[in-house]
Amino acid sequence: MNPMTPGTLLKDARAMFSHGVEAVLGDRLIIDAVSFDETAMLIAEHSIRKDSFDRVVVVGAGKASAAMAAGLSEVIQNNLTTDSGEDFPVIGHVNVPEGCHRDLPGITIQEARPAGVNEPTIAAIEGTDRILQLVADASPRDLVIGLISGGGSALLCRPSPGISLDDKLTVTRWLSSHGADIVALNTVRKHLSEVKGGGLLRANQAGQFLTLILSDVLGDPLDLIASGPTVPDTSTAIDALAVLDHFDPDHQLPSLVREHLKRAADHPASSIAAADHSTFVLGNNAVAVDAAGIEAESLGYNHVMHCHRQSEGEAETVGRHLADLTLTMLQADPAVHRQDAFLSGGEPTVSLADASIRGIGGRNGQLVLAAYARLLELNLSDDQWSRLAILSGGTDGEDGPSDAAGGMIDGSIHRRIVELGLDVHDALRRNDSHSFLRQVGGLLLTGPTGTNVCDLRIALVDHPQHRRHTN
């Protein structure tokens with residue numbers, strides 16, 4: 001058989017990535033999960049009698065929340081009417097990133113932050129205030145449905161009294177740039193907020209509250225996804241202080257932040273009042289990895305999948321390990337052990353270079369460059385370079401402050417790097433993966449996907465003895 005057509009491996013990797021993303025699109029998950037029978041609204045094993053509420057109030061925030069709202073709106077319109085046969089009353093407000101707007105009856109979808117800038121804004125605070133007002137004004141005959149997805153921490157924000165938006169931005173940027181994972185980051189965020197850590201549910205006056213979640217936190221801890229606006233907080237202000245002590249031992253962050261946390265430690269927030277509240281995780285990283293694996297199988301790859309349940313550490317370490325796994329697959333005897341695809345999900349961290357030298361890029365680009373640097377160390381033959389591909393991307397279509405979801409490497413991209421004389425180690429040192437990969441066609445460009453379940457990585461190799469493609 002003839003060798004694979006150049007670029008086929010990356011084409012297949014992109015197809016696997018796309019199928020993983022499509023499996024966790026917000027509208028699809030809602031439509032699949034929510035149904036109605038003659039008397040009730042059904043979600044998983046949960047049932048809400050249709051005669052127990054007169055109106056639906058939809059609130060939410062996150063990169064997938066507009067799509068989730070669209071799916072919910074469709075399901076409600078197709079299944080609920082008033083006793084007089086009119087459209088069932090639905091109102092609501094959802095904060096989303098730029099590029100995710102939908103026109104929905106009764107529900108305001110507010111683009112509350114710029115694309116590629118995953119930070120709270122004045123617009124997000126204003127939208128959050130409207131969300132808090134909606135649930136506070138709700139009646140005992142209202143059903144509130146919260147739609148929460150990754151990115152919700154920045155989009156659902158109301159700083160605690162005495163804490164400014166600038167203060168929160170300073171803390172968040174500091175923690176992110178010093179390698180804090182999502183657990184550490186959201187532990188602090190919750191204790192500097194009026195809405196996180198159960199704050200949205202505390203404001204609720206409706207008779208019933210239902211939260212539907214698309215998880216972007218490994219292991220699906222409910223109190224960390226979007227910083228847990230509708231669930232009791234399992235952390236304390238003392239925990240938040242411990243995070244600051246670890247990542248800011250010299251106390252360079254604003255002193256009023258620590259002072260606020262110390263006061264909060266002495267006077268814990270009131271517990272959430274008993275309410276008819278249920279929470280369901282509809283999709284997560286494991287769903288995306290599994291769907292990518294199904295596509296790998298359909299393309300004829302013998303694949304192994306792994307979904308991390310907790311933080312993986314530095315992106316550079318993860319990338320180097322992925323390169324080593326790729327070499328192992330290349331060197332394996334396919335007649336004995338034919339594995340030619342490794343798919344994994346997770347979310348590593350990146351310690352940022354000083355702003356004076358820092359380029360543009362995110363954790364997925366950093367991971368790909370680290371994998372490439374490791375492959376260079378392994379002194380691969382030209383034949384081996386021609387038989388591999390590595391891709392890593394954020395399922396939300398964003399990788400740091402850039403227009404890319406991540407990056408990819410194969411033999412053709414390697415040749416272009418060599419021809420241009422690019423220095424991968426310099427790009428790694430400066431977190432400049434976007435500029436590096438843009439020059440050689442190595443960016444994974446998807447645009448906003450309307451979902452967010454961490455990252456998806458794919459390593460493929462071609463074994464000539466077991467060709468899948470004959471073109």
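This report walks through a pocket, a sheet, two aromatic pairs and a few backbone details of the structure above. The model is a predicted one, and every value below was computed from it.

## The largest pocket

Let us start with the open space. The largest pocket encloses about 1,200 Å³. Its lining is made up of 50 residues, and those nearest the centre are Asn 118, Ser 176, Leu 185, Arg 363 and Gly 400.

Where does the lining come from? Both domain 1 (25-283) and domain 2 (285-462) contribute at least three residues each to the lining of the largest pocket. Among the helices, α5 (152-155), α6 (165-177), α7 (182-190) and α13 each provide at least two lining residues. The most generous contributor is α7, which gives 5 residues to the lining. Sorted by class, the lining holds 21 polar, 16 nonpolar and 13 charged residues.

A general remark helps in reading such a volume: rolling a probe the size of a water molecule over the atoms shows where empty space is left.

## A sheet of six strands

Next comes an open sheet with 6 strands, arranged in the order β10-β11-β15-β12-β13-β14 and paired in a mixed fashion. At its edges stand β10 (303-307) and β14 (443-444); each has a single partner strand, so one side of each has no neighbour in the sheet.

Three antiparallel pairings can be followed strand by strand in the table, each with one pair of opposing residues.

| Strand pair | Bridges | Direction | Opposing residues |
|---|---|---|---|
| β12 (388-394) and β15 (455-461) | 7 bridges | antiparallel | Ala 389 and Leu 460 |
| β12 and β13 | 5 bridges | antiparallel | Ser 392 and Gly 407 |
| β13 and β14 | 2 bridges | antiparallel | Gly 407 and Leu 443 |

Gly 407 is a handy landmark here: Ser 392 stands opposite Gly 407, and Leu 443 in β14 is also a bridge partner of Gly 407.

How many of the residues of strand β13 (406-410) are buried? The count is 5 of 5, so β13 is largely enclosed by the rest of the structure. In a regular strand the side chains alternate between the two faces of the sheet. In β13 both faces are covered, with Gly 406, Met 408 and Asp 410 buried on one side and Gly 407 and Ile 409 buried on the other.

## Two aromatic pairs

The count of aromatic pairs in this model comes to 2. In one of them, the ring centres of Phe 53 and Phe 88 are 5.7 Å apart and the planes meet at 80 degrees; an angle over 60 degrees counts as edge-to-face, so this pair falls in that class. The two residues come from distant parts of the chain, 35 residues apart: Phe 53 sits in the loop between β3 (46-49) and β4 (55-61), and Phe 88 in the loop between α3 (65-79) and β5 (90-97). Phe 53 and Phe 88 are both buried.

The other pair joins Tyr 372 and Trp 385, with 5.7 Å from centre to centre and 55 degrees between the planes, a tilted arrangement. Tyr 372 belongs to helix α13 (residues 363-377) and Trp 385 to helix α14 (residues 382-385), so the pair ties together parts 13 residues apart in sequence. Tyr 372 and Trp 385 are buried as well. Helix α13 has already appeared above, as one of the helices that supply at least two residues of the pocket lining.

## Backbone details in the loops

Most residues other than glycine have a negative phi. Against that background, two residues deserve a look. Asp 220 has a positive phi of about 55 degrees although it is not a glycine, and Ala 226 likewise has a positive phi, near 55 degrees. Asp 220 lies in the loop between β8 (208-214) and α9 (237-247), and Ala 226 is found in the loop between β8 and α9 too.

Are these residues buried or exposed? Asp 220 has 18% relative accessibility; the cut-off for buried is under 20%, so Asp 220 counts as buried. Ala 226 is buried with a relative accessible area of 3%.

Finally, Pro 448 is located in the loop between β14 and β15. With a relative accessible area of 47%, Pro 448 is partly exposed. Its C-alpha is 30 Å from that of Pro 89, and the two prolines are 359 residues apart in sequence.

Notes: Residues are numbered from 1 along each chain as its sequence is written. This is a predicted model: local features need pLDDT of at least 70, side-chain atom pairs count only at pLDDT 80 or more; totals for chains, interfaces and linings use all residues. Side-chain values use heavy atoms; hydrogens and water are left out. Rings of Phe, Tyr and Trp (its six-membered ring) pair if their centres lie within 6.5 Å; planes under 30 degrees apart count as stacked, over 60 as edge-to-face and the rest as tilted. Helices (H or I, at least four residues) and strands (E, at least two) are DSSP runs, numbered from the N terminus. Buried means under 20% relative accessible area, exposed over 50%, partly exposed in between (1.4 Å probe, protein chains only). On a 1 Å grid over the protein atoms alone, a cavity is a set of points where a 1.4 Å probe fits but cannot get out, and a pocket is an open set with protein on both sides within 12 Å along at least five of seven lines; lining residues have an atom within 4 Å of a point. Grid points are joined across faces, edges and corners, and a volume is the space filled by probe spheres set on the points. Ala, Val, Leu, Ile, Met, Phe, Trp, Tyr, Cys and Pro count as nonpolar, Asp, Glu, Lys and Arg as charged, and the others, Gly among them, as polar. Domain bounds come from an automatic or database domain assignment. Two strands pair if DSSP finds at least two bridges between them.
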